[in-house]
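Trainee: I should like to learn how the terms used for a protein model are justified. May I ask about them one by one?

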Amino acid sequence: RGSVALTADVAIAGNTYADVFNAADAASYSVEEDIGGGWSIVNDDWTVPYTGRYWFGGHFATGGYINGFFIYKDGTALTTGKGTEIVYGGITQSNLYISLTAGEVITWWAGTTDTATIYCAGDAAKNETQAMWWMVRRD
C-alpha cells in the first residue's frame, strides 16, 4: 500500500491533460507510504512491484474547473473524468480495482477543457490532492 500527497499547488495549462505528480516533481509532493517500493521520485510514477489485484484511488482538489482525476496504466487511461467541466473549486475522486502484472506503470492525471490554467491543490498538511494504492491479492 502507499500514498503520495501534493505539498504545494501544481499548475496544469488550460485545454490540456497532465500527469499530476510529473508536473509537480518530487519537490512538490510527499511520499507518505510506499510498502513494496513501487514509487519512483525519478519519474514520479508508480511501478507495480508484484503481479496481483490492486485498488487505486485518490482525490483531486482545485480552485479551477476540471474534468476529473484519471488513472493511467502504461500511458492508457483506465478511468475517465466526468466528460464535462466540474464545478469550480471542486473535489473529484477516482477509484479502480484491477489485476496488474509486475512492471506495469500507473500514473494519475488531471485535465481541463477550460482555457485558463488550473491548479492542483496541495498544502503542507497533505490533505488535498492525493494518490493512493493497495495490493488486495498477490498472484
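Trainee: What makes strand 1 and strand 4 a pair?

Mentor: Two strands pair if DSSP finds at least two bridges between them. Strand 1 and strand 4 are joined over 5 bridges in the antiparallel sense, so they count as a pair. One of the bridges sets Ala 5 opposite Ser 30 in strand 4. This is a predicted model, in which local features need pLDDT of at least 70, side-chain atom pairs count only at pLDDT 80 or more, and totals for chains, interfaces and linings use all residues. Residues are numbered from 1 along each chain as its sequence is written, and side-chain values use heavy atoms, with hydrogens and water left out.

Trainee: With which residue of strand 13 does Gly 2 form a bridge?

Mentor: The bridge partner of Gly 2 is Trp 133. Strand 1 pairs with strand 13 (residues 130-138) over 4 bridges, again in the antiparallel sense. Strands are DSSP runs of E with at least two residues, numbered from the N terminus.

Trainee: How do you know that strand 1 is mostly covered?

Mentor: Of its 5 residues, 5 are buried, where buried means under 20% relative accessible area, exposed over 50%, and partly exposed in between (1.4 Å probe, protein chains only). In a regular strand the side chains alternate between the two faces of the sheet. Here Gly 2, Val 4 and Leu 6 are buried on one side, and Ser 3 and Ala 5 on the other.

Trainee: Why is the contact between Glu 33 and Arg 1 called a salt bridge?

Mentor: A salt bridge requires a side-chain nitrogen of Lys or Arg within 4 Å of a carboxyl oxygen of Asp or Glu. The closest N and O atoms of Glu 33 and Arg 1 are 3.0 Å apart, so the pair qualifies. Because Glu 33 lies in strand 4 and Arg 1 in the segment before strand 1, the salt bridge ties together parts that are 32 residues apart in sequence.

Trainee: Is Arg 1 buried, partly exposed or exposed, and why?

Mentor: Its relative accessible area is 44%, so Arg 1 is partly exposed. Glu 33, at 28%, is also partly exposed.

Trainee: Why is Tyr 54 called buried?

Mentor: Tyr 54, in strand 7 (residues 52-61), has 2% relative accessibility and therefore counts as buried. Among the residues in contact with Tyr 54 (heavy atoms within 4.5 Å) are Trp 46, Leu 96 and Trp 134.

Note on methods:
Lists of a residue's contacts leave out its neighbours within four places in sequence.
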